[in-house]
Amino acid sequence: MDVVNSFLFCKKARRTLRLWTCYVLLAGAGCGYNVGAPFSPEIRTIHVPMFTSSSFRRGWELELTEAVQKEIQNRTHYRLSKEPFAQTRLTGRIIDINKNVVGENRFDDPRQLQVSLAVEITWEDLRTKQLLAQRTVPLDAQSAQLITNAELAPEAGQSLATAKAQIFSRMAKDIVDLMEVEW
């Protein structure tokens with residue numbers, strides 16, 4: 001009798017396991033998840049030339065270009081290559097860099113500052129000369145924008161260097177997000 005009961009228990013356990021497996025698979029099927037990378041499989045190589053800058057602050061374009069290249073290597077399957085061998089080109093131009101005082105102490109010393117970075121980005125297919133993505137600083141409220149902010153507090157030991165690292169990281173992520181394939 002114990003053999004029959006254990007056989008029936010195993011049969012019920014297997015049936016319950018199958019039902020839960022089906023339930024989990026069906027529940028996750030319609031949640032908007034995508035299998036695989038969200039980047040175009042047709043594109044394999046990309047050229048990222050040195051960004052240019054319209055700002056008086058020098059060196060920012062070099063650091064932003066390096067951050068974007070590292071983000072592309074870390075998050076995508078694209079390989080960086082020289083322009084003659086690349087399928088696409090991602091160009092960028094720093095439009096504006098602002099550093100504003102957000103808060104002061106009673107002696108008018110800055111306690112909290114905000115750094116803003118505005119960038120124009122163009123991603124084009126070099127084979128077909130088709131524009132894959134573009135973001136510019138808007139002239140009207142309906143345009144899309146690519147602006148990133150970072151805050152720093154000198155009294156807390158933060159500096160412009162820490163704000164720059166934060167802002168370049170955020171901007172690089174925003175630029176690579178721009179390269180994702182539409183659903």
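## A walk through the fold

Histidine 47 stands opposite arginine 89 in strand 4, and this pairing is a convenient place to enter the structure, which is a predicted model. The strand that meets strand 4 here is strand 1, and the two pair in the parallel sense over 2 bridges.

Before going further along the strands, it helps to have the overall plan in mind. The secondary structure of the protein comes to 3 helices and 7 strands, and, read along the sequence, these elements follow the pattern α-β-β-α-β-β-β-β-β-α. Of the 183 residues in the protein, 32% are buried. When contacts between residues at least 6 apart in sequence are considered, 68% of them join residues at least 24 apart.

Strand 4 has further partners besides strand 1. Strand 2 runs parallel to strand 4 and is joined to it by 2 bridges, with serine 53 standing opposite isoleucine 94 in strand 4. Strand 5, by contrast, runs antiparallel to strand 4, and 15 bridges join these two strands. One of the residues paired in this way is threonine 88, whose bridge partner in strand 5 is aspartate 125. Strand 4 and strand 5 form a hairpin with 5 residues between the strands, and in this hairpin aspartate 108 takes a positive phi near 65°. Most residues other than glycine have a negative phi.

Aspartate 125 deserves a closer look, since its place is in strand 5 and its surroundings can be described in some detail. Is aspartate 125 buried or exposed? Its relative accessibility is 6%, and because buried means under 20%, aspartate 125 counts as buried. Leaving aside its neighbours within four places in sequence, aspartate 125 is in contact with Gln87, Thr88, Gln130 and Leu132. For the contact with glutamine 87, the chain separation is 38 residues, while the C-alpha atoms of aspartate 125 and glutamine 87 are separated by 6.1 Å.

Beyond strand 5 the chain passes through a loop to strand 6, and lysine 129 lies in this loop between strand 5 (110–125) and strand 6 (131–135). Lysine 129 is exposed, with a relative accessible area of 66%, and its phi is near 60°, a positive value in a residue other than glycine.

The next element to consider is helix 2, which covers residues 60–75. How far apart are the end C-alpha atoms of helix 2? They are 22 Å apart, which agrees with the 22 Å that its 16 residues should span at 1.5 Å a residue. The buried residues of helix 2 are Trp60, Glu61, Leu64, Thr65, Ala67, Val68, Glu71 and Ile72. Seen down the axis of helix 2, these buried residues fall within an arc of 165°, so they line one face of the helix. The face turned away from this buried side carries the exposed residues Lys70 and Asn74. What covers the buried residues of helix 2 includes strand 1 (45–47), strand 2 (52–53), strand 3, strand 4 (88–104), strand 5 and helix 3 (160–178).

Strand 3 is made up of residues 79–80, and arginine 79 is found in it. Arginine 79 counts as exposed, because its relative accessibility is 53% and exposed means over 50%. Not counting residues up to four places away in sequence, arginine 79 touches Arg44, Thr45 and Ile46. The C-alpha atoms of arginine 79 and histidine 47, the residue with which this account began, are separated by 8.5 Å, although the two are 32 residues apart along the chain.

Serine 81 is found in the loop between strand 3 and strand 4. Serine 81 is buried, because its relative accessible area of 19% falls under the 20% limit. With residues up to four places away in sequence again left out, serine 81 touches Thr45, Ile46, His47 and Ala86.

The last feature to visit is the largest pocket, which has a volume of about 280 Å³. The largest pocket is lined by 16 residues, and Trp123, Leu132, Met179, Glu180 and Val181 are those that lie nearest its centre. Which elements each supply at least two residues of this lining? They are strand 5, strand 6 and helix 3, and strand 6 gives the most, with 3 residues.

How values were computed
Residues are numbered from 1 along each chain as its sequence is written. This is a predicted model: local features need pLDDT of at least 70, side-chain atom pairs count only at pLDDT 80 or more; totals for chains, interfaces and linings use all residues. Side-chain values use heavy atoms; hydrogens and water are left out. Helices (H or I, at least four residues) and strands (E, at least two) are DSSP runs, numbered from the N terminus. Buried means under 20% relative accessible area, exposed over 50%, partly exposed in between (1.4 Å probe, protein chains only). Contact means heavy atoms within 4.5 Å. The expected span of a helix is 1.5 Å times one less than its number of residues. The arc is that of the directions from the helix axis to the C-beta atoms. Two strands pair if DSSP finds at least two bridges between them. On a 1 Å grid over the protein atoms alone, a cavity is a set of points where a 1.4 Å probe fits but cannot get out, and a pocket is an open set with protein on both sides within 12 Å along at least five of seven lines; lining residues have an atom within 4 Å of a point. Grid points are joined across faces, edges and corners, and a volume is the space filled by probe spheres set on the points.
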